[in-house]
Amino acid sequence: MEIKEKSLEYAPGLEGVVACRTRICQIDGQAGKLYYAGYPIEDLAQNSTFEEVCFLLWNQRLPRHDELENLEKIFRENRSLPQEVIAFLELAPHTAHPMDALRTIASLLSCFDINLEKSPEANLQRAIFLTARFPTIVATFHRLRQNQKPVLPHPSLGFAANFLYMLFGKEPTPNQAKVMDAALILHADHEMNASTFASLVTASTLSDIYSAVASGIGALKGPLHGGANEAVLKMLMEIADPANVESYVDQALTKKVKIMGFGHRIYKNYDPRARIFKEYARRLSERTKFSRFFKINEKLEEVMQAKKGQHGIFPNVDLYSGIVYHQLGIPADLFTPIFAIARVSGWTAHILEYWQENRLFRPNALYEGPAPRAYVSMGQR
Ligand code: CMC
């Protein structure tokens, strides 16, 4: 049988390649706009809740009142971790990065899922349970590594407020809860980003949702993706003062080192999430009178705008999110796990959608090695 060769084009980093169809998320990179199922991110961050956004991503429509109440109830009832998982977190090295702990536990949870049902309904339920448990995993690991007793999930607090409660052992103020809720909304989904693609690649083999989510967590950890928020705070500490920004940027650009929190494959304009985070960071910085990091960031923006603005390199979501979390008293190595707590809703939404018309991801490679040749025996080499 003759196999017709399609003309294959090499696209490093798969730039410009359309890998699937979706009804979940849309980005207009030139205009700097982001929509979840048609709703602008600005409206959602201001008026919605993370629970409502989860429903939106999983169903591509906003919930009715009873539907939202039902989802909130299911989240509340499924926040606890199996005792064996807590025992594992106690035994795990407490020096481990929380992203490694989260990835491992997301994977471990599959061992406790005895339901063999693979229907869309069963997988949606797994998505809800995973999302409900992510904050508990992160907060439990964080407390254990500090030799503190884990705090059991609160029976009535909302998703974001309960996470802060489990982390710090006391109820957050309404403002802190609102800021965390908005942060989760802003991170919930972002079309075909690297971690969503990683989870879809795993899902496309018809593997299970836990494996796909674990793939997503692994991909999110890197500093070119979700790990950038932690890297930004490290950079701000290194710069230390707005007066050092210009020389820091000059040195980095000369050495071809990326400035964390800037640039994006899709946005060639200001990332709309960064605008919202910036406003929260400004308000929190004023409130606590601790604005050094905010001032460094503003200077970074000014310097980068002059040097790289014409190349379409603008602030991305990670530039200001770290300052916001820092102001809430959250340590830097939990920034990326918070990204994951939100993004698991998006990963699972895309996995469930992709499975509706699944096709194995299997791209090609451009071979540049030696031409076919005869094997050389050991004595002849
Ligand atoms: N600082 C300095 N130069 C940059 C930056 C940056 N942050 N981002 C891109 N460039 C330059 C890069 O050096 C290259 O220049 P040249 O053509 O002269 O070699 C050009 O822009 C293209 O860069 P690229 O890395 O090939 O572009 P990409 O589309 O693969 O980049 C990116 C996307 C996010 C990996 C990149 O902008 C970057 O590394 N940024 C810093 C890390 C970061 O903040 N990541 C978070 C992304 S947003 C959160 C998320 O969704 O994950």
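This section describes the ligand site of a predicted model and the pocket that holds the ligand.

The ligand is surrounded by 20 residues, of which His225, Lys258, Ile259, Phe262 and Arg265 are the closest. By class, this shell consists of ten nonpolar, six polar and four charged residues.

Polar contacts to the ligand involve both backbone and side-chain atoms of the protein. At Phe262, a polar backbone atom is found 2.8 Å from a nitrogen atom of the ligand. The side chain of Arg265 places an N or O atom 2.7 Å from an oxygen atom of the ligand. For Asn316, an N or O atom of the side chain lies 2.9 Å from an oxygen atom of the ligand. On its own, the ligand has 930 Å² of accessible area, and the protein covers 71% of this area.

The ligand occupies the largest pocket. The space within this pocket amounts to about 1,500 Å³. Its lining comprises 45 residues, and those closest to the centre of the pocket are Leu224, Gly263, His264, Arg265 and Ile266. Three helices contribute two or more residues each to the lining, namely helix 9 (194-203), helix 14 (292-308) and helix 16 (335-356). In terms of residue class, the lining contains 22 nonpolar, twelve polar and eleven charged residues.

Arg265 thus appears in both descriptions of the site: this residue is among the closest to the ligand, and it is also among the lining residues closest to the centre of the largest pocket.

Methods: Residues are numbered from 1 along each chain as its sequence is written. This is a predicted model: local features need pLDDT of at least 70, side-chain atom pairs count only at pLDDT 80 or more; totals for chains, interfaces and linings use all residues. Side-chain values use heavy atoms; hydrogens and water are left out. A residue is near a molecule or strand if one of its heavy atoms lies within 4 Å of it. A polar contact is a pair of N or O atoms within 3.5 Å; within protein, one must be able to donate a hydrogen and the other to accept it, and residues adjacent in sequence count only if both atoms are side-chain atoms. Accessible areas come from the Shrake-Rupley method with a 1.4 Å probe; for residues, only the protein chains shown count as cover. On a 1 Å grid over the protein atoms alone, a cavity is a set of points where a 1.4 Å probe fits but cannot get out, and a pocket is an open set with protein on both sides within 12 Å along at least five of seven lines; lining residues have an atom within 4 Å of a point. A molecule sits in a cavity or pocket if more than half of its atoms lie within 2 Å of its grid points. Ala, Val, Leu, Ile, Met, Phe, Trp, Tyr, Cys and Pro count as nonpolar, Asp, Glu, Lys and Arg as charged, and the others, Gly among them, as polar. Grid points are joined across faces, edges and corners, and a volume is the space filled by probe spheres set on the points. Helices (H or I, at least four residues) and strands (E, at least two) are DSSP runs, numbered from the N terminus.
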